[in-house]
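Visitor: I am new to this structure and should like to be guided closely through a single part of it. Would you please describe the places where the protein encloses or meets something else?

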There are 2 protein chains.
Amino acid sequence: MMRKAGAKRVSGEDRTRIPWSNIPKPSLERLAQYHQIAIRAGEDGNENLSSVSLSEILGVDETLVRKDMASVGIVGKPRVGYSTGQIINKLEEILGLSQHTDAVLIGCGGIGSALLRYPGFRKYGLRISAAFDADFAKVNQRVGDYVILPMEKCRSVINTFRVKVAILAVPADAAQEMADWLVRRGVQAIWNFAPIHLRVPAGIVVRNENLALGLADLIHHLRRNNMEKEDGARTR
Amino acid sequence: MMRKAGAKRVSGEDRTRIPWSNIPKPSLERLAQYHQIAIRAGEDGNENLSSVSLSEILGVDETLVRKDMASVGIVGKPRVGYSTGQIINKLEEILGLSQHTDAVLIGCGGIGSALLRYPGFRKYGLRISAAFDADFAKVNQRVGDYVILPMEKCRSVINTFRVKVAILAVPADAAQEMADWLVRRGVQAIWNFAPIHLRVPAGIVVRNENLALGLADLIHHLRRNNMEKEDGARTR
DNA sequence: ATTATATCGTGAAATGTATCACGATATAAA
DNA sequence: TTTATATCGTGATACATTTCACGATATAAT
Ligand SMILES: NC(=O)c1ccc[n+]([C@@H]2O[C@H](COP(=O)([O-])OP(=O)(O)OC[C@H]3O[C@@H](n4cnc5c(N)ncnc54)[C@H](O)[C@@H]3O)[C@@H](O)[C@H]2O)c1
Ligand SMILES: NC(=O)c1ccc[n+]([C@@H]2O[C@H](COP(=O)([O-])OP(=O)(O)OC[C@H]3O[C@@H](n4cnc5c(N)ncnc54)[C@H](O)[C@@H]3O)[C@@H](O)[C@H]2O)c1
């Protein structure tokens with residue numbers, strides 16, 4: 001029958017109800033975007049953001065923005081909007097970005113190296129403890145601030161730093177096997193860049209960052225658009 | 001008010017109804033995954049794939065898989081499943097992967113270089129015509145099979161090869177401006193890796209590959225999981 | 001002080017998506 | 001040949017998410 005991993009039984013009465021137990025997936029994605037937008041708005045000196053401006057930036061309905069905000073306890077003022085600071089603080093708390101998150105990175109190829117060198121994720125509390133590769137030719141090479149370590153060191157790093165998150169940037173063939181291994185070592189969340197949908201035990205969090213799906217989606221819409229144009233031209 | 005870009009009025013009577021005019025977004029994402037899975041299954045020598053196996057790989061309901069297949073005209077056989085070949089062919093047709101797609105890549109930094117060197121997108125019909133960067137220090141350097149060109153050559157490449165797709169891997173500050181410029185030059189689809197939601201005129205296709213959102217999502221779920229565990233421990 | 005209005009907040013309705021329940025059918029087994 | 005069964009196909013139903021409609025309120029203008 002197959003129960004969705006991590007499915008939640010929401011006990012009816014729950015005095016300690018915390019808002020983020022239950023945020024719908026689409027809403028969560030938007031919340032993360034509000035956060036990004038609020039940070040940039042703050043940098044530009046805007047102290048407030050209205051549901052209308054947010055809705056225009058993201059191309060969604062303004063009511064939806066207000067519902068999202070209400071759902072996480074961000075309150076706005078009529079004629080003013082939401083406080084940029086409150087959006088940032090509340091969302092960082094809810095998204096879990098206010099605490100540091102330690103991670104290991106596996107696979108220092110093209111994508112892995114780009115991620116290692118990218119400073120942007122520090123704002124999300126991400127701290128990459130160490131980077132690993134199976135290729136001995138890469139071991140001991142430097143990438144950004146890191147020196148690539150051999151896989152046999154991975155186990156002890158995970159244990160020592162109690163790492164709960166792995167960034168997986170290895171070839172597709174190795175990804176599932178690697179994921180299984182990481183889970184056995186105590187990793188609880190995997191950010192996967194290989195173009196396969198990883199299967200993990202219930203309770204383990206996976207985010208499959210399958211770029212090829214994005215490309216397929218883009219091409220599909222492009223073709224559809226062009227078809228319509230031709231179609232229109234023929235018809236009228 | 002705000003009308004969603006590219007919104008479609010589906011004329012009631014339409015003899016030339018083509019399946020891919022109307023595929024729901026979640027369904028489209030799954031279809032692209034079926035395609036990936038079918039390709040790997042084919043390489044492993046499996047001639048058939050059942051809705052059950054697909055549903056287990058992706059963690060979705062098996063009925064959903066059958067509905068998806070039916071929606072694009074892929075028909076299966078009782079007790080056998082769907083033909084791997086039919087899945088691949090039909091989905092490549094529908095996703096538009098059977099035709100070549102020319103693209104330019106803007107911004108040859110960490111992500112841009114990784115994309116340039118990655119061979120995997122060729123299977124999706126993607127052909128990167130040329131890669132550009134604004135940094136003169138990078139111009140003329142090689143990345144994989146490419147030599148980085150200066151931005152001033154971009155216009156003529158787009159015109160000459162009638163490029164309709166741009167891969168945008170520039171810093172967030174430059175992304176919207178760059179997108180506007182590309183649209184003015186005739187680009188119809190943008191695959192954006194900068195962590196902002198690009199705004200484009202109706203009729204232009206954008207896919208925002210906002211990796212930071214993925215990270216935020218992952219961290220959120222990890223925290224939620226851990227909270228639940230603690231919560232459970234305290235309660236029982 | 002009064003009025004106007006931009007904006008928030010929210011229940012109700014509409015829409016979109018997934019699941020259930022069950023009949024049909026092709027293959028394998030008896 | 002007959003029976004059993006794994007799997008497909010699909011209408012009906014349930015669930016999730018968005019949009020609509022409208023009242024409430026804080027600020028700015030008069
Ligand atoms: N580069 C891209 O643009 C891109 C795009 C989409 C998807 N991906 C996917 O991302 C993943 C990485 O891509 P890439 O371009 O960086 O590939 P890559 O070949 O450049 O790097 C992969 C790295 O993983 C290492 N590796 C292989 N097996 C390993 C193992 N078992 N344990 C540890 N390390 C191992 C290799 O030595 C190599 O350094 C692949 O699954 C690829 O399909 C990449
Ligand atoms: N590297 C990552 O892991 C990562 C992760 C998430 C998001 N991103 C985003 O992807 C984008 C690229 O990231 P990166 O790590 O490759 O950055 P990077 O700084 O390594 O590369 C950016 C490249 O763009 C070029 N550039 C700058 N302005 C330009 C312009 N106007 N026209 C053309 N080229 C220009 C720069 O010269 C540089 O080569 C950024 O928006 C970043 O936020 C990167």
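Guide: A cavity, as the word is used here, is a set of grid points where a 1.4 Å probe fits but cannot get out. The model is a predicted one. A search of the whole structure returns 1 cavity of 30 Å³ or more. The volume of the largest cavity is about 40 Å³. Two elements each give two or more residues to its lining, namely α1 (25–43) of chain A and α8 (211–235) of chain B. The lining is formed by Leu28(A), Glu29(A), Ala32(A) and Leu95(A), together with Leu213(B), Ala216(B) and Asp217(B). Sorted by class, these lining residues comprise 5 nonpolar and 2 charged residues, with no polar ones.

From the cavity we may turn to the ligand. Ligand 1 is placed between chains A and B. Around ligand 1 there are 25 residues, of which Gly110(A), Ile111(A), Asp133(A), Val170(A) and Tyr118(B) come nearest. Several contacts involve the backbone of chain A. A polar backbone atom of Val170(A) is 2.6 Å from an oxygen atom of ligand 1. For Gly110(A), a backbone N or O atom lies 2.9 Å from an oxygen atom of the ligand, and for Ala172(A) the corresponding distance is 3.4 Å. On its own, ligand 1 has 820 Å² of accessible area, and the protein covers 81% of this.

The shell around ligand 1 draws at least two residues from each of α5 (110–117) and α7 (172–184) of chain A and α5 (110–117) of chain B. Of the elements, α7(A) gives the most to this shell, with 3 residues. By class, the shell holds 19 nonpolar, 3 polar and 3 charged residues.

The DNA strands come next, beginning with strand D. Around DNA strand D there are 23 residues, and Arg30(A), Ser51(B), Lys67(B), Arg79(B) and Tyr82(B) come nearest. Arg30(A) has a side-chain N or O atom 2.8 Å from a phosphate oxygen of this strand. The side chain of Lys77(A) likewise places an N or O atom 3.3 Å from a phosphate oxygen of DNA strand D. Arg66(B), by contrast, has a side-chain N or O atom 2.9 Å from a base nitrogen of the strand. The elements giving two or more residues to the surface near DNA strand D are α1 and α3 (62–71) of chain A and α3 (62–71) of chain B. Among the atoms of DNA strand D within 4 Å of the protein, 55% belong to sugar or phosphate and the rest to bases. The surface near this strand has 8 nonpolar, 6 polar and 9 charged residues.

DNA strand C completes the tour. It is surrounded by 23 residues, the closest being Ser51(A), Arg66(A), Lys67(A), Arg79(A) and Lys67(B). The side chain of Lys67(A) has an N or O atom 2.5 Å from a base oxygen of DNA strand C. A base oxygen of the strand also lies 3.0 Å from a polar side-chain atom of Arg79(A). In chain B, the side chain of Lys77(B) has an N or O atom 3.4 Å from a phosphate oxygen of DNA strand C. Here α3 of chain A, with α1 (25–43) and α3 of chain B, are the elements that give two or more residues to the surface near the strand. Of the atoms of DNA strand C within 4 Å of the protein, 54% are part of sugar or phosphate, and the rest are part of bases.

Technical notes. Residues are numbered from 1 along each chain as its sequence is written. Chains are lettered from A and ligands numbered from 1 in the order in which they are written. This is a predicted model: local features need pLDDT of at least 70, side-chain atom pairs count only at pLDDT 80 or more; totals for chains, interfaces and linings use all residues. Side-chain values use heavy atoms; hydrogens and water are left out. A residue is near a molecule or strand if one of its heavy atoms lies within 4 Å of it. A polar contact is a pair of N or O atoms within 3.5 Å; within protein, one must be able to donate a hydrogen and the other to accept it, and residues adjacent in sequence count only if both atoms are side-chain atoms. Accessible areas come from the Shrake-Rupley method with a 1.4 Å probe; for residues, only the protein chains shown count as cover. Helices (H or I, at least four residues) and strands (E, at least two) are DSSP runs, numbered from the N terminus. Ala, Val, Leu, Ile, Met, Phe, Trp, Tyr, Cys and Pro count as nonpolar, Asp, Glu, Lys and Arg as charged, and the others, Gly among them, as polar. On a 1 Å grid over the protein atoms alone, a cavity is a set of points where a 1.4 Å probe fits but cannot get out, and a pocket is an open set with protein on both sides within 12 Å along at least five of seven lines; lining residues have an atom within 4 Å of a point. Grid points are joined across faces, edges and corners, and a volume is the space filled by probe spheres set on the points.
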